[in-house]
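Q: I am new to this structure and would like a close look at one part of it. Please start from a single residue and work outward from there.

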Amino acid sequence: MLNIVLFGPPGAGKGTQSQKLIARYNLVHLSTGDLLRSQITQGTELGLRAKKLMDEGLLVPDEVVIGMIESQLASNTTAAGFIFDGFPRTVPQAQSLDALTQRYDTGVSCMIALEVAEEELVKRLLERGKTSGRPDDQDETKIRKRVTVYNTETAQVAGYYAEQSKFHGLNGIGAIDDIFGQICEIVDQHLPATSVADSQTAADEVKA
């Protein structure tokens with residue numbers, strides 16, 4: 001099973017690259033942000049709690065996020081693999097993800113980090129906020145707070161995966177397809193030869 005952790009601060013382009021990876025490698029997309037926003041739209045207790053924290057630029061508690069991830073793993077036991085978008089955000093979450101995946105006889109294949117300077121991130125998120133309607137993308141103070149949270153807490157996860165020789169950092173500024181090509185080169189290093197051939201065939205079929 002291929003399990004990719006796609007990493008980077010808010011606005012780094014994880015969502016865009018996730019969709020391209022899903023199409024090429026036939027992965028199940030697990031975005032904690034999307035899962036939480038779905039709960040918010042449904043008006044659940046979890047959603048209301050998460051909305052308050054997200055509007056303040058804060059992270060949702062580990063037990064909530066990990067519970068959602070475990071539910072998704074249990075519901076997709078026959079999947080070719082997963083792409084974790086925006087998770088794990090902390091070392092304890094990364095350790096919990098290792099424990100979860102081991103229970104399903106798999107593990108994290110690689111962690112790819114998209115690296116983008118803060119000013120570019122602020123610019124991207126403010127632009128996104130004009131069309132997304134998300135309040136946390138429309139307030140520069142909250143955006144910078146989210147980036148600060150990432151730099152002080154989330155970036156430590158890179159060291160965790162580096163110790164396992166699974167960390168790969170990439171420049172997140174440039175043409176989308178060029179960045180995707182670099183990501184695929186990394187991912188293919190973690191696949192057996194037959195899987196590489198299969199993924200290329202799948203990609204050709206998608207293009208057709």
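Where is the place of S165? Please go on from there to the sheet and the annotated sites.

A: This is a predicted model. S165 sits in the loop between α8 (156–162) and β5. Its phi is near 60°, a positive value in a residue other than glycine. Is S165 buried or exposed? S165 counts as exposed, because its relative accessibility is 59% and the cut-off for exposed is over 50%.

N26 also has a positive phi, about 60°, although N26 is not a glycine. N26 belongs to the loop between α1 and β2. N26 counts as exposed, at 57% relative accessibility.

The loop of S165 leads to β5, and the loop of N26 leads to β2. Where do these strands stand? Five strands form an open sheet, and their order is β2-β3-β1-β4-β5. The pairing is parallel. In general, strands of a sheet pair through backbone hydrogen bonds, either parallel or antiparallel. β2 (28–31) and β5 (167–171) stand at the edges. Each has a single partner strand, so one side of each is left without a neighbour in the sheet. From one strand to the next, the twist averages 20°.

Now take the β2 edge. The partner of β2 here is β3 (residues 81–85), joined to β2 by four bridges. The two run parallel. H29 stands opposite I83 in β3. Helix α4 (residues 62–75) packs on the sheet and touches both β2 and β3. The direction of α4 makes about 160° with that of β3.

One residue of helix α4 is A74. A74 is partly exposed, with a relative accessible area of 43%. A74 and Y104 are 30 residues apart in sequence. In space, their C-alpha atoms are 8.4 Å apart.

Next come two further helices. In general, two packed helices are described by the angle between their axes and the distance between the axes. Helix α2 (residues 32–42) packs with helix α3 (residues 45–55) at an angle of about 115°. Their axes are 7 Å apart. The crossing of α2 past α3 is left-handed. From α2, the residues L36, R37, Q39 and I40 take part. They meet L46, G47, A50, K51 and M54 in α3.

Helix α2 also carries T32. T32 is buried, because its relative accessible area is 3% and buried means under 20%. Leaving aside neighbours within four places in sequence, T32 is in contact with V65, M68, I69, D85, G86, F87 and R89.

Now the annotated positions. An unreviewed UniProt entry gives the feature "binding site" at T32, R37, L58, L59, V60, G86, F87, P88, R89, Q93, R134 and R146. These positions span 115 residues in sequence, and the farthest two C-alpha atoms are 25.3 Å apart, so they do not all gather at one spot. From this set, the lining of the largest pocket takes in T32, R37, L58, L59, V60, G86, R89, Q93, R134 and R146.

Q93 is one of the annotated residues. Helix α5 (residues 91–103) holds Q93. Q93 is buried, with a relative accessible area of 2%. Not counting residues up to four places away in sequence, Q93 touches D62, V65, I66, F87 and P88. V65 and F87 are also among the contacts of T32.

The unreviewed entry in UniProt lists another group as "binding site": G11, A12, G13, K14, G15, T16, R128 and G174. The lining of the largest pocket includes G11, A12, G13, K14, G15, T16, R128 and G174.

How do two residues of this group sit in the model? A12 is in the loop between β1 (2–7) and α1 (14–25). A12 counts as buried, at 3% relative accessibility. Outside the residues up to four places away in sequence, A12 touches L114, V116, L121, R124 and G172. G174 lies in the loop between β5 and α9 (176–188). G174 is partly exposed, with a relative accessible area of 49%.

That brings the tour back to β5. The loop of S165 lies between α8 and β5, and the loop of G174 lies between β5 and α9. β5 itself stands at an edge of the sheet.

Conventions. Residues are numbered from 1 along each chain as its sequence is written. This is a predicted model: local features need pLDDT of at least 70, side-chain atom pairs count only at pLDDT 80 or more; totals for chains, interfaces and linings use all residues. Side-chain values use heavy atoms; hydrogens and water are left out. Two strands pair if DSSP finds at least two bridges between them. Axes are lines fitted to C-alpha atoms, for helices over the stretch in contact, and angles run from 0 to 180 degrees between N-to-C directions. Contact means heavy atoms within 4.5 Å. UniProt positions are given in the numbering used here, feature names are shortened, and annotations may be inferred rather than shown by experiment. On a 1 Å grid over the protein atoms alone, a cavity is a set of points where a 1.4 Å probe fits but cannot get out, and a pocket is an open set with protein on both sides within 12 Å along at least five of seven lines; lining residues have an atom within 4 Å of a point. Buried means under 20% relative accessible area, exposed over 50%, partly exposed in between (1.4 Å probe, protein chains only). A crossing is left-handed if the near helix is turned anticlockwise from the far one by less than a right angle, and right-handed if clockwise.
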